Amino acid sequence: MRLDDYVLLCQKGSEMAFRVLYEETYSLVRYVIYTYVQNKHTIEDLVQETYMKAYEKMNTYEAKNFRNWIYTLAKNTAIDYLRKKKEDNNLEVDFVVDKSENPYLSYALYHLDSLEREVFLLKVLCGHTTKKIAEALALSVKKVNSLYYNAKKNLKKSLEEYSYEIERI
């Protein structure tokens, strides 16, 4: 069954169908939010908020591409959170890199184009297939492969440059 078939079942009241949708898209939703927010507890809160919104809006969804829809919903939820936080604390809304993990990789990821970074992390971090990534981002499989190839090439280049800069110090 396709995800959109589960959406139709969910719209008819099937809790099992919503559970399947959740299980099939959880890592995608978590990843999307992680690209904006690195606090573990906040991520989980925003994931929960995303699925609550999805459940509430399920009857308005027209079966076309559930992965893309939930991806957009998660992204908007994270951005809304950051906007509110910015208003409250005067923070800048931008891609945030967790420097505690691996400073070399953080440096290289930060210098990727945002779409390249997204494709690379969805493939490597979340383990999604090229087809699933293409569906989620509303891109062709060929474009996803190209972005992934470019991301790897650019990461390698950035890591080599960073290594060179470290050696010169």
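## A walk through an all-helix model

Buried residues make up 37% of the 169 residues in the protein chain. Keep in mind as you look around that this is a predicted model.

**Stop 1: the whole chain.** Colour by secondary structure to begin. The protein chain has eight helices and zero strands, so reading along the sequence you meet the pattern α-α-α-α-α-α-α-α. Now think about contacts between residues with a separation of 6 or more: 61% of these in the protein chain join residues 24 or more positions apart.

**Stop 2: the nonpolar core.** Next, select L21, I33, F66 and I70. These are the residues with the most contacts inside the largest nonpolar core, which has 46 residues. Which helices supply at least two residues each to this core? They are α1 (3-11), α2, α3 (40-57), α4 (66-89), α5 (103-110), α6 (114-124), α7 and α8 (141-168). The largest share comes from α2, with nine residues. As background, nonpolar side chains in soluble globular proteins tend to be buried together.

Stay with L21 for a moment and show its surroundings. Setting aside residues up to four places away in sequence, L21 touches L3, Y6, V7, C10, Y51, M58 and F66. Two of the names from the core selection, L21 and F66, are therefore in contact with each other, heavy atoms within 4.5 Å.

**Stop 3: the aromatic rings.** Show the side chains of Phe, Tyr and Trp. The structure holds eight aromatic pairs. Zoom in on Y61 and F66, an edge-to-face pair with 5.9 Å from centre to centre and 85 degrees between the planes. Both Y61 and F66 are buried.

Now add W69 to the view. How do the rings of Y61 and W69 sit, and at what angle are their planes? Their centres are 4.9 Å apart and their planes are at 50 degrees, so this pair is tilted. Are Y61 and W69 buried or partly exposed? Y61 counts as buried because its relative accessibility is 8%, under the 20% cut-off. W69 has 21% relative accessibility, so W69 counts as partly exposed.

For a group of rings, select F18, Y22, Y26, Y51 and Y55, which form one aromatic cluster. You have already met Y51, one of the residues that L21 touches.

**Stop 4: the cavity.** Select E24, T25, L28, R67, H128, K132 and A136, the residues that line the largest cavity. Two elements give two or more residues to this lining: α2 (15-34) and α7 (130-137). Of the elements, α2 gives the most, with three residues. By class, the lining has two nonpolar, two polar and three charged residues. The space inside comes to about 30 Å³, and the count of cavities of 30 Å³ or more is one.

**Stop 5: a loop residue.** Finish at L125, in the loop between α6 and α7. Is L125 buried or exposed? L125 is exposed, because its relative accessible area is 53%, and the cut-off for exposed is over 50%. Leaving aside neighbours within four places in sequence, L125 is in contact with Y31 and F120. To end the tour, draw a C-alpha to C-alpha distance from L125 to S27: the two are 98 residues apart in sequence and 9.2 Å apart in space.

How values were computed
Residues numbered from 1 in each chain as written. Predicted model: local features only at pLDDT ≥ 70, side-chain atom pairs only at ≥ 80, totals over all residues. Heavy atoms only, no water. 1 Å grid on protein atoms, 1.4 Å probe; cavity = no way out; pocket = protein on both sides within 12 Å on 5 of 7 lines; lining within 4 Å. Points joined across faces, edges and corners; volume = space filled by probe spheres on them. Helix = DSSP H or I, 4+ residues; strand = E, 2+ residues; numbered from the N terminus. Nonpolar A, V, L, I, M, F, W, Y, C, P; charged D, E, K, R; others polar. Core = buried A, V, L, I, M, F, W, Y, C linked by side-chain atoms within 4.5 Å. Buried < 20%, exposed > 50% of the residue type's maximum accessible area, 1.4 Å probe, protein only. Phe/Tyr/Trp six-rings, centres within 6.5 Å; stacked < 30°, edge-to-face > 60°.
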